[in-house]
Amino acid sequence: MGVRARVGRGGREGLPAGAAVLMALLVISSCSPQGRPRPAPGLPPGEDARVTRVVDGDTIEVVLGGRKERVRLIGIDTPETKDPRRPVECFGKEAARRTAQLVGGEWVRLSFDVEVRDKYGRLLAYVYRLRDGLFLNLALVREGFALVYTVPPNLAHQEEFLQAQRRAREEGRGLWRSCR
């Protein structure tokens with residue numbers, strides 16, 4: 001596992017035997033058997049899943065309960081990169097890259113609103129990085145990689161997203177600086 005401690009009687013020989021055992025237990029207990037980190041405190045209720053692919057800035061694929069699921073982030077929209085009928089939109093590649101940086105390969109908590117699936121069968125979720133609680137949907141708006149896109153009845157974070165968008169626009173972040 002990579003944790004090494006010299007076990008001795010204390011003093012100059014290394015860590016006391018009890019301290020070495022305690023250190024090893026702490027390292028082992030911080031992860032589940034599947035490598036899942038302990039959830040950050042304060043995460044909302046939901047389902048934990050592993051991100052296996054970032055489709056674009058606002059869509060990811062996860063493994064949830066042994067099944068592969070496509071997840072559309074609620075309340076936001078990023079510029080298109082995958083629509084075969086349209087060219088890649090300004091800042092689309094950057095948004096997809098940022099989503100991959102934030103959650104690619106990570107364990108996440110999927111929190112749901114009123115509607116759980118859209119007309120395409122995708123799960124609709126607010127996505128939180130499990131290890132530290134980063135709220136992906138909000139982070140993308142705050143950093144200027146996404147626009148607010150709310151579809152009733154899924155409105156739980158609408159005001160929070162609108163405030164973040166106003167600030168990103170005022171400060172010229174991301175697409176607000178690059179796409180005019």
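These legends go with a set of close-up views of one predicted model.

**View 1. The whole chain, for orientation.** Counting up the secondary structure gives five helices and nine strands. Read from the N terminus, the elements go β-β-α-β-β-β-β-α-β-β-α-β-α-α. The chain has 180 residues, and 40% of them are buried. Take the contacts between residues at least 6 apart in sequence: 56% of those link residues at least 24 apart. As for the outside, the accessible surface is about 10,600 Å², with 52% of it on carbon and sulfur atoms.

**View 2. The largest nonpolar core.** This core has 37 residues, and the members that touch the most others are Ile-60, Val-62, Val-71, Leu-110, Val-127 and Leu-140. At least two core residues come from each of strands S3 (47-56), S4 (59-64), S5 (67-73), S7 (107-111) and S8 (123-129), and likewise from each of helices H2 (92-103), H3 (136-142) and H4 (158-170). The top contributor is S8, which puts in six residues. As general background, nonpolar side chains in soluble globular proteins tend to be buried together.

**View 3. Zooming in on Val-62.** Here's one of those well-connected core members with its surroundings. Skip the neighbours within four places in sequence, and Val-62 is in contact with Ala-49, Arg-50, Val-51 and Thr-52, with Arg-67, Lys-68, Glu-69 and Val-71, and with Leu-110. Two of these partners, Val-71 and Leu-110, are also on the list of core members that touch the most others.

**View 4. Glu-47 and its partners.** Glu-47 sits in strand S3. Is Glu-47 buried or exposed? Neither, quite: its relative accessible area is 42%, so it counts as partly exposed. Not counting residues within four places in sequence, Glu-47 makes contact with Leu-64, Val-108, Arg-109, Leu-110 and Phe-112. For a distance to check on screen, try Glu-47 to Val-127: they are 80 residues apart in sequence, with 9.9 Å between their C-alpha atoms.

**View 5. Pro-44 in its loop.** Pro-44 belongs to the loop that runs between helix H1 (17-29) and S3. Leaving out residues up to four places away in sequence, Pro-44 touches Arg-109, Ser-111 and Tyr-128. Of these partners, Ser-111 is 67 residues away in sequence, yet the C-alpha to C-alpha distance from Pro-44 is 6.6 Å.

**View 6. The largest pocket.** Its volume comes to about 730 Å³. Which residues come closest to the centre of this pocket? Out of 25 lining residues, they are Arg-72, Asp-118, Tyr-120, Arg-122 and Tyr-149. The lining splits into 15 charged, seven nonpolar and three polar residues. S3 and S5 each give at least two residues to the lining, and S5 has the largest share, with three.

**View 7. Two backbone spots worth a look.** The first spot is the peptide bond from Pro-152 to Pro-153, which is cis, with omega near 10 degrees. Pro-153 is in the loop between strand S9 (147-148) and H4. The second spot is Phe-91, where phi is positive, near 75 degrees, in a residue other than glycine. Phe-91 is found in the loop between strand S6 (76-77) and H2. Buried or exposed, then, for Phe-91? The relative accessibility of Phe-91 is 12%, so it goes down as buried, given that the cut-off for buried is under 20%.

Methods
Residues are numbered from 1 along each chain as its sequence is written. This is a predicted model: local features need pLDDT of at least 70, side-chain atom pairs count only at pLDDT 80 or more; totals for chains, interfaces and linings use all residues. Side-chain values use heavy atoms; hydrogens and water are left out. A nonpolar core is a set of buried Ala, Val, Leu, Ile, Met, Phe, Trp, Tyr and Cys residues joined through side-chain atoms within 4.5 Å. Buried means under 20% relative accessible area, exposed over 50%, partly exposed in between (1.4 Å probe, protein chains only). Helices (H or I, at least four residues) and strands (E, at least two) are DSSP runs, numbered from the N terminus. Contact means heavy atoms within 4.5 Å. Accessible areas come from the Shrake-Rupley method with a 1.4 Å probe; for residues, only the protein chains shown count as cover. On a 1 Å grid over the protein atoms alone, a cavity is a set of points where a 1.4 Å probe fits but cannot get out, and a pocket is an open set with protein on both sides within 12 Å along at least five of seven lines; lining residues have an atom within 4 Å of a point. Grid points are joined across faces, edges and corners, and a volume is the space filled by probe spheres set on the points. Ala, Val, Leu, Ile, Met, Phe, Trp, Tyr, Cys and Pro count as nonpolar, Asp, Glu, Lys and Arg as charged, and the others, Gly among them, as polar.
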